[in-house]
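Reader: I would like to go through the inner spaces of this protein with you, and then one of its sheets. Could you show me the model before I start asking?

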Amino acid sequence: MYSDFSPIRWKNNCLELLDQRLLPDKEVWWTHEFPEATARAISDMMVRGAPAIGITAAYGVALACMQLAKSTNADWRGKLNKDLELLAQSRPTAVNLFWALERMQTVLKSAASPSRAFTLALNEAKAIHQEDYRMNLAIGEFGSSLLPKEANVLTHCNTGALATGGHGTALGVIRTAWGKGNLKHVYANETRPWLQGSRLTIWELLRENIPCTLQADSAAALLMKTKKIDWVIVGADRIAANGDTANKIGTYSLALLAKAHGVKFMVAAPTTTIDMALGSGNLITIEERETGELWRAASQADAPEKLNFHNPVFDVTPANLIDAIVTEKGIAKSNGNGEFNNAISVWFSA
Ligand code: MRU
């Protein structure tokens, strides 16, 4: 029923990644054989989106083991640990990266040789990839059950097949709702400065003929005031145990606007995005990216030397602005005071 498109594929013992920096103009796939190039693909945003970053890093570990199986390095465990460290340093905010690397490390503990490690790592990376797709289908079912008929929704950034193992999280909810016939229209924020909304979300929506409108991020308040918007639906890069949610810069402003206009606010993410070790969103590391991203968004080549920049690429939305957190395990509804009545911790018990 749904397109099972994924921007990540394993082919002929190589990792292939669709270059998201070039979309929608060009669809270019790059082939990776080394963990170093995989880490660079993540930090340079060839692949992006929290679950997609985790899946890519898992395949990066498989590539590391594959290279070690070809080498005569006696200290293969030492080199593998260095590769894992490099992958862990590629981006700081999405917890899916660290979750996937930990899962790979656990499975590799029993490997007695690099070639055994390669077999184990590849199987585990493929499992992480497939599980993410299945979790997204479940998130889509749960999330779409909250929408009224003929729903109008607003989304931010790209949370679709491109950002995940397929289908998407917030965009997965939107896809499922469209498939069930209870979605009227999607408004997509362009998502400055990297333009994940205008370049990627719109590309995905148009491919499937889902009715959509692109708007400047700063048009959100007017949209909520003048049109009937039922839900703002966003993804997440890291959700703290109390429900505070780090997501693409601009998400926090949208949540404030939604509260002011009586619009419901949904966070859709797999449980692999929840960091139970963090009690609150204040503890989440927010990535600051290079200043050229801001300057290039203004179609300028060289920034004046004296110009100061501020380019945090995520922000944290406090739990009290969120009405529902939807995962593959179900729906955690807010009691209106920023509390989810233990629903989140129940997902992690036994
Ligand atoms: O900087 P990006 O493009 O990796 O940021 C992506 C987001 O913030 C997404 O909303 C989030 O990862 C959820 S993706 C399913």
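Reader: How do the residues of the lining of the second largest cavity divide into nonpolar, polar and charged?

Author: Happy to start there, with the note that this is a predicted model. The lining has six nonpolar residues, three polar and one charged. Pro51, Ile55, Trp99, Ala100, Ile128 and Met135 are on the list of lining residues, and Pro, Ile, Trp, Ala and Met count as nonpolar. Gly54, Asn96 and Thr272 also line this cavity; Gly, like the others outside the two named groups, counts as polar. Asp132 is in the lining too, and Asp counts as charged.

Reader: Which elements give two or more residues to the lining of the second largest cavity?

Author: They are helix H2, helix H4 (95–108) and helix H5 (114–144).

Reader: What makes the second largest cavity count, and how many cavities are there of 30 Å³ or more?

Author: The cut-off is 30 Å³, and two cavities meet it. The second largest holds about 50 Å³ of space, and the largest about 220 Å³.

Reader: How do you know that the largest cavity lies between domain 1 and domain 2?

Author: By looking at who lines it. Domain 1 (8–136) and domain 2 (142–347) both give residues to the lining, so the cavity lies between them. The lining has 26 residues, and Arg48, Gly49, Ala50, Asn158 and Asp237 lie nearest the centre. Helix H2 (50–70) and strand S9 (245–248) are the elements that give two or more residues to this lining. The largest share, three residues, comes from H2.

Reader: What is the make-up of the lining of the largest cavity by class?

Author: Ten of the residues are nonpolar, eleven are polar and five are charged.

Reader: Strand S9 brings us to the sheet. Why are S11 and S12 called edge strands?

Author: The sheet is open and has four strands in the order S11-S8-S9-S12, with mixed pairing. Strand S11 (274–275) and strand S12 (314–317) each pair on one side only, and that makes them the edge strands.

Reader: What makes S8 and S9 a pair?

Author: Two strands pair if there are at least two bridges between them. Two bridges join strand S8 (residues 238–240) to S9, and the strands run antiparallel. Arg238 stands opposite Ala246 in S9.

Reader: Which helix lies across S9 and S12, and at what angle does it run to S12?

Author: That is helix H9 (residues 251–261), which runs at about 35° to S12.

How values were computed: Residues numbered from 1 in each chain as written. Predicted model: local features only at pLDDT ≥ 70, side-chain atom pairs only at ≥ 80, totals over all residues. Heavy atoms only, no water. 1 Å grid on protein atoms, 1.4 Å probe; cavity = no way out; pocket = protein on both sides within 12 Å on 5 of 7 lines; lining within 4 Å. Points joined across faces, edges and corners; volume = space filled by probe spheres on them. Domains from an automatic or database assignment. Contact = heavy atoms within 4.5 Å. Axes fitted to C-alpha atoms, helices over the stretch in contact; angles between N-to-C directions.
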